[in-house]
Amino acid sequence: MEQAILARHGESEFSVKGVMNGDPGLAGPLTEEGVEQARALGAAIRETPIGLCVVTEFERTRQTADVALAEREVPRLVLPELNDIHVGKFEGGLLETYRAWARDRSPVEIPAGGESRAGVGERFTRGFRKVLARPEETVLVVAHGLPIRYVLLAIEGTEPRPVVESVDYATPYPLSRTDLEHAVERLELWVKDPIWRT
């Protein structure tokens, strides 16, 4: 891989309600607005040769990729390592309820039935390492806000925070191989010593 284009899925039925969903087994299709966002993503990358599209196990990422690449024959690869965070007892609850809990917890604390921010960070690094190892020159990664924000923070030279900013729906973030490698390396260092530094 020489270039990765990261993109969050389009608006889904979960996200428009502000509801947490970390279980890929639950149906959560795009809204009509989400489909339009996915079409806009496709238009934005229409002139870019895409050798592979990585998606997660969630319906919203697969549907976004299908709409964005509707007129192109691009192979898919499902990477569970880039799935959204498992929120355990917060599944189906409001995002703000989870964020209120997360603000005051260490990165290694695990909600009942879920996973910690440090744990999910380690999982994300494994997923992005698999992207880096791909032979295709350009890889489109349609994933979720959290893995993309963790990478963007690392590129800015910072680590994950208790609560991170959202990522715009279906917006392409092109990264060079060097950018992604450095981001993953920084995130791997944080996983080894997971404390909030900001």
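**Exercise 1. Work out what the buried residues of helix H6 pack against in this predicted model.**

*Solution.* Start with the partners: the buried residues of H6 pack against strand E1 (3–8), helix H5 (117–132), strand E4 (138–143), strand E5 (173–176) and H7. Next, see which residues are involved. The buried ones are Gly145, Leu146, Pro147, Ile148, Arg149, Tyr150, Val151, Leu152, Leu153 and Ala154. That makes ten of the twelve residues of H6, so the helix is largely enclosed by the rest of the structure. Now check the geometry: H6 reaches 16 Å from its first C-alpha to its last, close to the 16 Å expected at 1.5 Å a residue. Finally, look just past the end of the helix, where Gly157 takes a positive phi of about 95°.

**Exercise 2. Find out how Tyr150 of helix H6 pairs with Trp190, and what the pair ties together.**

*Solution.* First, some context: the structure holds six aromatic pairs. Warm up on one of them, Phe90 with Tyr98. Their ring centres are 5.4 Å apart and the planes sit at 75°, so this pair is edge-to-face. Are these two buried or exposed? Phe90 has 10% relative accessibility and therefore counts as buried, and Tyr98, with a relative accessible area of 8%, is buried too.

Now for Tyr150 and Trp190. Here the centres are 6.3 Å apart with the planes at 75°, so we again call the pair edge-to-face, since planes over 60 degrees apart count that way. Place the two rings next: Tyr150 is in helix H6 (residues 145–156) and Trp190 in helix H7 (residues 177–192), so the pair ties together parts that are 40 residues apart in sequence. Both residues are buried. To finish, widen the view: ring pairs link Tyr150 and Trp190 with Phe124 and Trp196 into a cluster.

**Exercise 3. Describe the surroundings of Asp84, then find where it sits relative to the largest pocket.**

*Solution.* Begin with the address: Asp84 is in the loop between strand E3 (76–78) and helix H4 (95–103). Then ask about burial. Asp84 has 15% relative accessibility, so it counts as buried, the cut-off being under 20%. Which side chain makes a polar contact with that of Asp84? The side chain of Arg60 does, at 3.4 Å. Leaving out residues up to four places away in sequence, Asp84 touches Asn21, Gly22, Phe58, Arg60, Glu115, Arg123, His144 and Leu146. Leu146 brings us back to H6, where it is one of the buried residues.

Now the pocket. The largest one holds about 590 Å³ of space. Of the 31 residues that line it, those closest to its centre are Arg8, Met20, Asp84, Leu95 and Arg99. As for the helices, H1 (13–17), H4 and H6 each supply at least two residues of the lining.

**Exercise 4. Decide whether Pro174 is buried or exposed, and name the residues it touches.**

*Solution.* Locate it first: Pro174 belongs to strand E5, one of the elements that the buried residues of H6 pack against. Then read off the accessibility. At 55%, Pro174 counts as exposed, because the cut-off is over 50%. Its contacts, not counting residues up to four places away in sequence, are Gln3, Ala4 and Ile5. One last distance to check: Pro174 and Leu140 are 34 residues apart in sequence, and their C-alpha atoms are 8.9 Å apart in space.

Note on methods. Residues numbered from 1 in each chain as written. Predicted model: local features only at pLDDT ≥ 70, side-chain atom pairs only at ≥ 80, totals over all residues. Heavy atoms only, no water. Phe/Tyr/Trp six-rings, centres within 6.5 Å; stacked < 30°, edge-to-face > 60°. Buried < 20%, exposed > 50% of the residue type's maximum accessible area, 1.4 Å probe, protein only. Helix = DSSP H or I, 4+ residues; strand = E, 2+ residues; numbered from the N terminus. Polar contact = N/O pair within 3.5 Å; in protein donor to acceptor, adjacent residues only side chain to side chain. Contact = heavy atoms within 4.5 Å. Expected span 1.5 Å × (residues − 1). 1 Å grid on protein atoms, 1.4 Å probe; cavity = no way out; pocket = protein on both sides within 12 Å on 5 of 7 lines; lining within 4 Å. Points joined across faces, edges and corners; volume = space filled by probe spheres on them.
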